[in-house]
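Me: I've got this two-chain model open and I'd like a close look at one spot in it. Could you walk me through that part and then work outward to what surrounds it?

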Amino acid sequence: MSVKIKLDFTLNSRPVNIEVPAEMTVLNLLRDGLDLKGTKYACGEGECGACTIEVDGRTINSCLMMAVDLQGREVMTIEGMQEGHALHPMQQAFVDHGAVQCGFCMPGMIIQANYLVKQNPELTREEMKRGLEGNICRCTGYTKVLDAVAAVVGLNERRN
Amino acid sequence: MTAPKKDFDFARPKTIEQLYNLVQECQHEGRQFIFSAGGTDIMPNLKSEILSPDIVISLTGLRALNNIEKQGDHIIIGALTSLSELCSNNNIQKYLPALARAAHKVASPQIRNRATIGGNIMVENRCSYINQSPINRESHSPCFKIGGDVCHLVKSAKRGDDILCQARFVSDTAPLLLLQNSTVNIIGPAGSKEIKLADLYLNDGIESKSLMHGEIITHIKVEITENSLSHYEKLTIRNALDFPSLGVAALRRGNGDISVALTGLNTRPGVFHAKLENHETSDDMIVDICRKANDFTVTYQQDFFPRGYRKNMISVFIRRAINKILEGAKS
């Protein structure tokens, strides 16, 4: 019988009070406990970035974090990016540039890309590549992803 | 693996006092505990059942251990400082740029946002047989590292050997910290102490650190070397996410002496020195270091790269790192 622990945190600007098993990961809590299926499970060991979310303003792999470690923290998932019914500019850029193929890696990619731009609004294309190195797309769509991020930071599209 | 299979308890003490009350409680009740800081190395090991504690004690509540401070000719780094904070810190960029470079070469941005410097110097030694999924590991019998009776790398190994397990030391930040004569502050149930970072590392892949169970690292004290130049080079298949197949940190002191520290090539890091003679860095100095480094190296087939290639790359990477600092010395 697993130990249950009480947990309070902020999820996409709303308070959450919930009891979770001690060994639950943040990813499991989001997907199964809170029914937010936007954040994806893929490798489960931090290599692919599909489960990327923002915790206290920094992106992390939610599959590698204990849910109970969220106590008192602020979390943003892909569901929290949209403003009303309008897509977030980063989401819109991904749509406009056809950066989405199967779409499975997108929530993580978009959260990470948005974080990079927040950190450095004058991101170069090389810095984008380094910044997205923890997000793997198996449809082979990186060029259009970089084009989308470049459009958000106002760089001209350069296919390289 | 979506979640660890075995149930365990979790606690996040906010002060050192709370931490040690909890540790004492666990020891009294005979509950197996492990510490977790960023958790990025612990979680995969929990999921693949390499670790199976009764309770995970998270250190992330100890906020006081998350800081970087310059004190005289030392930089004090709190053990809970994340690698991304380390990379972007002004003092680190100014006085220890090669450390920032090494930290930046660890894993991915998401992992660096969570992983701590304390965790990186304490990272568990790795082997291509043990760091696998349970399904993969089922195909061979348990090795020494998890209490079994065989080493799949060194078939002749037997209990009683000096080095029982050949799991590799893979920290990216430790080599440079070793060259900077770093010390670590340790706190434990018996009190606190300061030891040389070099004394933290032991020969065997199982008991690879001298930290006693229940002790934690609180700070790392790094010496700033006047007029020195340093660099870190890392061999990996991919530019991101890989542990070093080999890593070389090089440091040139103000007096021209050169030191090199290696990671990924043995159960512990190695440090080698060459003294400056006749006021010029000679090829003999570099050859001498390369020889010592090759003698130190134990390359079993533990990596994507063939062992022969990895062995050849030792001298190449040492030369590459030293040349980089010599170029810096000229400019």
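Which residues is Asn113(B) in contact with, leaving aside its neighbours within four places in sequence?

Reply: Keep in mind that this is a predicted model. Asn113(B) is in contact with residues of both chains: Arg58(A), Thr59(A), Ile60(A) and Tyr115(A) on one hand, Ser82(B) and Ser84(B) on the other, once neighbours within four places in sequence are set aside. One of those contacts is polar, with the side chains of Asn113(B) and Tyr115(A) joined at 3.2 Å. Asn113(B) itself lies in helix α6 of chain B, which covers residues 109-114. Its relative accessibility is 9%, and because buried means under 20%, Asn113(B) counts as buried. There's also a partner from far along the chain to look at: Gly38(B) is 75 residues away in sequence, yet its C-alpha atom is separated from that of Asn113(B) by 8.6 Å.

Now follow the contacts into chain A. Strand β4(A) spans 58-61, and it belongs to an open sheet of five strands, ordered β2-β1-β5-β3-β4, with mixed pairing. β4(A) and β2(A) (14-21) are the edge strands; each has a single partner, so one side of each has no neighbour in the sheet. Neighbouring strands here are turned by 40° against each other on average, ignoring direction. Further in, β1(A) (residues 4-11) and β5(A) (residues 74-76) pair in the parallel sense over two bridges, and Leu11(A) stands opposite Val75(A) of β5(A).

The Tyr115(A) side takes you to helices. Helix α3(A) runs over residues 106-119, and this helix lies across β3(A) (52-55), β4(A) and β5(A), at about 40° to β3(A). Its axis also comes within 11 Å of the axis of α5(A), residues 142-153, and the two cross at roughly 35°. The crossing of α3(A) past α5(A) is right-handed. From α3(A), the contact uses Met106(A), Met109(A), Ala113(A) and Val117(A); from α5(A), Tyr142(A), Val145(A), Val149(A), Val152(A) and Val153(A). By class that's nine nonpolar residues, with no polar and no charged ones.

Back in chain B, there's a sheet to look at too. It's open, with three strands in the order β1-β3-β2 and parallel pairing. The edges are β1(B) (9-11) and β2(B) (33-36), each pairing on one side only. On average, neighbouring strands of this sheet are turned by 25° against each other, direction ignored. Helix α1(B), residues 16-29, packs on the sheet and touches β1(B), β2(B) and β3(B), with its direction at about 155° to that of β2(B). Three bridges join β1(B) to β3(B) (residues 55-58), and the two run parallel; Asp9(B), for one, has Ile55(B) as its bridge partner in β3(B).

One last stop is Glu215(B), in the loop between β7(B) (191-196) and β8(B) (216-223). With a relative accessible area of 12%, Glu215(B) is buried. Its side chain makes a polar contact of 3.5 Å with the side chain of Lys193(B), and reaches the backbone nitrogen of Met212(B) at 2.8 Å. Not counting residues up to four places away in sequence, Glu215(B) touches a set of residues including Tyr20(B), Phe35(B), Ile186(B) and Ser210(B).

Key. Residues are numbered from 1 along each chain as its sequence is written. Chains are lettered from A and ligands numbered from 1 in the order in which they are written. This is a predicted model: local features need pLDDT of at least 70, side-chain atom pairs count only at pLDDT 80 or more; totals for chains, interfaces and linings use all residues. Side-chain values use heavy atoms; hydrogens and water are left out. Two strands pair if DSSP finds at least two bridges between them. Helices (H or I, at least four residues) and strands (E, at least two) are DSSP runs, numbered from the N terminus. Axes are lines fitted to C-alpha atoms, for helices over the stretch in contact, and angles run from 0 to 180 degrees between N-to-C directions. Contact means heavy atoms within 4.5 Å. A crossing is left-handed if the near helix is turned anticlockwise from the far one by less than a right angle, and right-handed if clockwise. Ala, Val, Leu, Ile, Met, Phe, Trp, Tyr, Cys and Pro count as nonpolar, Asp, Glu, Lys and Arg as charged, and the others, Gly among them, as polar. Buried means under 20% relative accessible area, exposed over 50%, partly exposed in between (1.4 Å probe, protein chains only). A polar contact is a pair of N or O atoms within 3.5 Å; within protein, one must be able to donate a hydrogen and the other to accept it, and residues adjacent in sequence count only if both atoms are side-chain atoms.
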